[in-house]
Amino acid sequence: MDTELRADCSKCFGLCCVAPAFARSSDFAIDKPAGHPCPNLRDDFRCGIHTRLRDRGFTGCTVYDCFGAGQHVAQVIAEGRDWRQAPATAPRMFEVFAAVRILHELLWYLTEARSLPQSHPLHQDLDDALSTTRSLRDASDDLTPAIAERHREQIAPLLRAASHLARTNPRPEPSQPRNRPTPAEIDTAARTGTAAQTDTTAHTGTTADTGTTADTGTAAHTDLAARTVGRQGGEGVDSPRQDDHMRPDSSAGTRGRGKTRRQTAPGRRSKVPVTLGRQLIGARLRGADLRNADLRGGLLIGADLSGADLRNADVIGADLRGADLSGADLSSTLFLIQSQLDAAVGDASTRLPPRLHRPAHWPTSR
């Protein structure tokens, strides 16, 4: 993946520690208004408790990813002048940062979609979308989060089309001799799973769902963790609406909006991609065969996905906070981002795509 889409905090002005607001919750130990520096931000724009964030109640900070928006705004748009040196420019800098972050996340997804062999029929459209997104980002004088959100809405159908091609025409993969439940068993488990005791209200943004992120702006009470774990995309283009997050009801299971996958023998690839319901909080999907599944925007908070096969599954915007990925196969999962892994729990046997790294808080052995 292009290095411009990977965060480099050494070239930023701590924008993610100032621009967004966050509310006291399971992910943040304090309330912080938008545009105000976090009290842990040092004079050199580094975090004073960086190595102790989880212990100090700032788990939300550990799962945040700006996709390189911070250094682009700091070094390219602001030309190296930080918000402390020019306080009059700070509000505009924070607004542009929120917008560029949306566009950089889109660039990440578009780049991945372009790399899929199955997306060949869409390559010209994807190339055009990449060019248009970069042009919009570089027109920073007029750029606002609202403009970036509208652009995301326009890009969403193209990403869905690439996902459909990839999941309905999967690349041959070596079979793994595992006893996996049938799709019917998966459906039953998802409906009867016990809801995780998670504070979803604290992670609900203040704006309506318009794409991969429900709350990328700097309005008061915006939850930084929720933006990064994937109601954005992780911030995904098909994230659930705000009212869905307000109802942590796992009984919804697969009675949600999607159709269930038709039954096939365990370990055998179906021609029909799996589409489970979006409300999968606490779902028991241990060892499930979820190859080619449509999990876009799914609420998988606290779900048991240990040993599950998620190859070629689309997880754009899926909320994986507290999900157990121990031993799961994510080696070719579509649109998986680092913040989703950082928010989940895995182990040394979890298989990851080469572009992502194993989170430091995961155990190194089973």
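This report looks at the fold, the surface and the internal spaces of a predicted model.

Let's start with the overall fold. The protein chain has nine helices and zero strands, so written from the N terminus its elements read α-α-α-α-α-α-α-α-α. Of the 366 residues in the protein chain, 57% are buried. The area that the protein chain exposes comes to about 14,900 Å², with 51% of it supplied by carbon and sulfur atoms.

Now for the spaces. The largest pocket has a volume of about 1,200 Å³. It is lined by 45 residues, and those closest to its centre are Cys9, His50, Cys61, Thr62 and Tyr64. Four elements each give two or more residues to this lining: helix H1 (59-62), helix H2 (69-77), helix H3 (90-115) and helix H9 (338-343). H9 gives the most, with three residues.

The second largest cavity holds about 30 Å³ of space. Leu305, Leu310, Val315, Leu320, Leu325, Leu330 and Leu336 form its lining.

The table sets out the make-up of the two linings.

| Lining | Nonpolar | Polar | Charged |
|---|---|---|---|
| Largest pocket | 24 residues | eleven residues | ten residues |
| Second largest cavity | seven residues | no residues | no residues |

What kinds of residue line the second largest cavity: nonpolar, polar or charged? Its lining has seven nonpolar residues, with no polar and no charged ones. The lining of the largest pocket, for its part, has 24 nonpolar residues along with eleven polar and ten charged ones.

Terms used:
Residues numbered from 1 in each chain as written. Predicted model: local features only at pLDDT ≥ 70, side-chain atom pairs only at ≥ 80, totals over all residues. Heavy atoms only, no water. Buried < 20%, exposed > 50% of the residue type's maximum accessible area, 1.4 Å probe, protein only. Areas by Shrake-Rupley, 256 points an atom, 1.4 Å probe, with all protein chains shown as cover. 1 Å grid on protein atoms, 1.4 Å probe; cavity = no way out; pocket = protein on both sides within 12 Å on 5 of 7 lines; lining within 4 Å. Points joined across faces, edges and corners; volume = space filled by probe spheres on them. Nonpolar A, V, L, I, M, F, W, Y, C, P; charged D, E, K, R; others polar.
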